[in-house]
Amino acid sequence: MAGGAAPDRFAVRRWDDGIAVFDRRSGGTHCMNTATAAVFERLATDPTASDDAILPGVSACMPGATDAECRAAIAEARVRFDAARLFQA
Amino acid sequence: MTDPASASATARTVADLGPTRLAALMRQGRLALQTGPLLSRLQTPLADVAAYVAQAYRHHPCVIDAEFVDVSVSVRRPFNLRRWLRSQVEFLVEGESPFEPLPREQAPALLEWGLNWTIASSCHQWLTVHAACLEREGRAVILPAPPGSGKSTLCAALALRGWRLLSDELTLLDPLDGQVWGLARPINLKNASIDLIQAFEPAAEWGPTTFDTRKGRVTHLCAPRHSVERMTQPAMPAWVVFPRYQAGAEPLLQPRGKAGTFTHFATNAFNYSILGELAFDAVGRLLDRCECFDFTYSRIDDALEVFDWLAGSPAPQTV
C-alpha cells in the first residue's frame with residue numbers, strides 16, 4: 001500500500017450493506033455503505049487512484065445513479081477519509 | 001444482644017439470610033452478591049437499601065466474607081453540609097464517588113444505576129453493550145435500543161413469558177468465544193411501563209417504587225426465579241433485534257443491514273475503544289452469526305407472538 005500505510009493497517013469486515021473497517025494505527029472504527037466502501041477498497045489497494053479509476057466500482061453499487069451522482073459520492077468519501085486520516089502518511 | 005450478622009450458618013441465597021441478618025451483613029460490608037459471573041460486595045448502613053436487596057435479589061446466591069470480589073460498592077449518606085439541609089445519598093465504588101449525590105429516597109435506584117456504571121466501566125473481560133438480552137432454547141436475542149424505545153418493557157414481558165432474562169441493561173459479550181453472559185438483575189421500568197407490566201403479570205415480584213426521579217416514576221421488576229437459577233449459563237446469540245414502540249403500529253419485523261448494525265455496537269458498547277481490535281472482531285463475528293432486525297410494535301401480545309415465531313425458526317446452518 002502506498003502513502004506510507006502498512007499493508008496490515010486495516011482490518012475489514014464485509015456484508016451486503018457495507019463494510020466495517022478497523023484502523024490499527026488510530027484505533028478508530030469506520031462503517032461505510034457499499035458506495036463508500038467501493039472507494040475505500042480501491043484506495044486501500046492504490047491510494048493514488050483517480051476518480052475515473054474508482055468510478056466503475058462505485059457505479060456498480062449505485063444502480064440508476066448518474067455519473068455526476070457517483071462522482072459526488074466519491075468526492076464525499078474522499079473528504080471523510082481525509083478527515084479520518086485513513087490514507088495519509 | 002446478639003449480633004444478627006454473627007450467625008454461623010452459610011447462606012445459599014439472600015432469602016436464606018432473612019432481612020435482619022442481611023441488613024447487618026450489609027452494614028458491616030460482609031455481604032457479596034452473585035449476579036451471573038460477577039460477585040459484588042454491597043455495603044450500606046441504609047435500611048431501605050438492604051430491604052430492597054432482600055426483596056429484589058431474594059433468589060440470588062450470596063457469599064459472606066468473600067475473599068475475592070469483582071466489584072465493591074457502597075451506598076450511604078454523604079458527609080457534607082447538605083445532609084442537614086436536604087437528605088441525600090451517594091454511591092461509592094472502591095471508596096470513590098463517581099456521581100453527584102441524589103435525593104435520599106432514590107437510594108435503591110442509585111444502587112442499581114451505580115452497579116450498571118461500575119460493571120460497564122471496570123469489567124473489561126467482556127465487551128459490555130447497552131442492550132437487553134434474553135435466551136430461549138440455547139439461543140440468545142440481543143435488544144439494543146435507545147431510551148424510550150420500549151426495550152425494558154418488551155424485555156420484562158419476554159422474561160415473564162418463557163424467555164430467560166440475561167440482562168435488561170448490560171449485555172456482556174465474551175470477545176473470545178462469542179457467548180453472552182447474563183446478570184439476571186432486576187429490570188428497571190418507568191412510568192406507564194410499570195402499570196402495563198403489572199397488569200400483564202399480576203403475580204410478578206417488584207421492588208419499591210421511587211417517585212420524582214429524573215426519569216419520573218421508577219421501580220424494578222425482580223428477575224424471574226428460573227432466570228436467576230440459570231444465570232451462570234452463557235448463551236450463543238442468534239438475533240439482534242432493535243425494538244421500537246410506536247403507538248397504534250402493527251407488528252413489523254424487518255431485516256436490518258449488518259454494517260449499519262455494526263455502527264450501533266461500536267458506539268453503544270461502553271468499552272469498545274478500550275478493547276480495540278478485540279472488540280471489532282467480536283462484533284464482526286457476532287453479526288456474522290446473528291440475524292438482524294428492526295422491530296416496530298404497539299401491543300405486547302403481538303410482540304410476544306413475533307418473538308415466539310423467531311424462537312421457533314430453524315437455526316442457520318453453520319459451516
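These legends walk through several close-up views of a predicted model.

**View 1. The largest nonpolar core sits in view here, with its best-connected members.**
Welcome to a core of 40 residues. Within this core, B:Leu22, B:Leu42, B:Val53, B:Tyr57, B:Val75 and B:Leu111 touch the most other members. Helix α5 of chain B, residues 107–122, supplies the largest share, seven residues. In soluble globular proteins, nonpolar side chains tend to be buried together.

**View 2. B:Leu22 is shown with its contacts from elsewhere in the sequence.**
Which residues does B:Leu22 meet once its neighbours within four places in sequence are set aside? They are B:Val14, B:Leu17, B:Leu31, B:Ala50, B:Val53 and B:Ala54. One of these partners, B:Val53, is also listed with B:Leu22 among the core residues that touch the most other members.

**View 3. Chain A meets chain B in this view.**
Chain A brings 14 residues to the contact, and chain B brings 16 residues. Together the two chains bury about 1,100 Å², with 63% of that area on carbon and sulfur atoms. On the side of chain A, A:Arg13, A:Trp15 and A:Phe22 lose the most area to chain B, and together they account for 53% of what that side buries.

**View 4. Salt bridges and polar contacts also join chain A to chain B.**
How many salt bridges are there between chain A and chain B? The count is two. A:Arg24 forms a salt bridge with B:Glu277, and the closest N and O atoms of this pair are 2.7 Å apart. Between the two chains there are also seven residue pairs in polar contact, both residues being at pLDDT 80 or more. Three elements of chain A give two or more residues to the side that touches chain B: β1 (10–15), β2 (18–23) and β3 (29–33). Of these, β2(A) gives the most, with five residues. By residue type, the side of chain A that touches chain B divides into nine nonpolar, two polar and three charged.

**View 5. B:Glu112 is a buried residue in helix α5 of chain B.**
Is B:Glu112 buried or exposed? B:Glu112 counts as buried because its relative accessibility is 2%, and buried means under 20%. The side chain of B:Glu112 makes a polar contact of 2.6 Å with the side chain of B:Tyr52. Leaving out residues up to four places away in sequence, B:Glu112 touches B:Tyr52, B:Tyr57, B:Arg185, B:Pro186 and B:His220. You may recognise B:Tyr57 from View 1, where it is among the core residues that touch the most other members.

**View 6. B:Asp48 and B:Arg104 meet in a salt bridge.**
The side chains of this pair come to 2.8 Å, N to O. B:Asp48 lies in helix α3 (residues 47–56) of chain B and B:Arg104 in the loop between β6 (102–103) and α5, so the salt bridge ties together parts that are 56 residues apart in sequence. With 28% relative accessibility, B:Asp48 counts as partly exposed.

**View 7. B:Arg58 and B:Glu205 form another salt bridge.**
Here the N to O distance is 2.7 Å. The pair links distant parts of chain B: B:Arg58 is in the loop between α3 and β3 (62–64), while B:Glu205 is in the loop between α7 (192–200) and β13 (210–213), 147 residues apart. B:Glu205 is partly exposed, at a relative accessible area of 29%.

**View 8. B:Lys151 pairs with B:Glu169 in a salt bridge.**
The closest N and O atoms of B:Lys151 and B:Glu169 are 3.9 Å apart. B:Lys151 belongs to helix α6 (residues 151–159) of chain B, and B:Glu169 to the loop between β9 (164–167) and β10 (170–173), 18 residues apart. B:Lys151 counts as buried, at 5% relative accessibility. Elsewhere, salt bridges that share partners join B:Glu135, B:Arg164 and B:Arg230 into one network.

**View 9. B:Arg244 is a partly exposed residue in strand β15 of chain B.**
The strand spans residues 236–245, and B:Arg244 has a relative accessible area of 44%. Although B:Arg244 and B:Phe295 are 51 residues apart along the chain, their C-alpha atoms are separated by 6.1 Å. Not counting residues up to four places away in sequence, B:Arg244 touches B:Ser149, B:Phe295, B:Thr296 and B:Tyr297. A polar contact of 2.9 Å joins the side chains of B:Arg244 and B:Gln246.

Methods. Residues are numbered from 1 along each chain as its sequence is written. Chains are lettered from A and ligands numbered from 1 in the order in which they are written. This is a predicted model: local features need pLDDT of at least 70, side-chain atom pairs count only at pLDDT 80 or more; totals for chains, interfaces and linings use all residues. Side-chain values use heavy atoms; hydrogens and water are left out. A nonpolar core is a set of buried Ala, Val, Leu, Ile, Met, Phe, Trp, Tyr and Cys residues joined through side-chain atoms within 4.5 Å. Buried means under 20% relative accessible area, exposed over 50%, partly exposed in between (1.4 Å probe, protein chains only). Helices (H or I, at least four residues) and strands (E, at least two) are DSSP runs, numbered from the N terminus. Contact means heavy atoms within 4.5 Å. Buried area is the accessible area (1.4 Å probe) that two parts lose on being put together, summed over both. A salt bridge is a side-chain nitrogen of Lys or Arg within 4 Å of a carboxyl oxygen of Asp or Glu. A polar contact is a pair of N or O atoms within 3.5 Å; within protein, one must be able to donate a hydrogen and the other to accept it, and residues adjacent in sequence count only if both atoms are side-chain atoms. Ala, Val, Leu, Ile, Met, Phe, Trp, Tyr, Cys and Pro count as nonpolar, Asp, Glu, Lys and Arg as charged, and the others, Gly among them, as polar.
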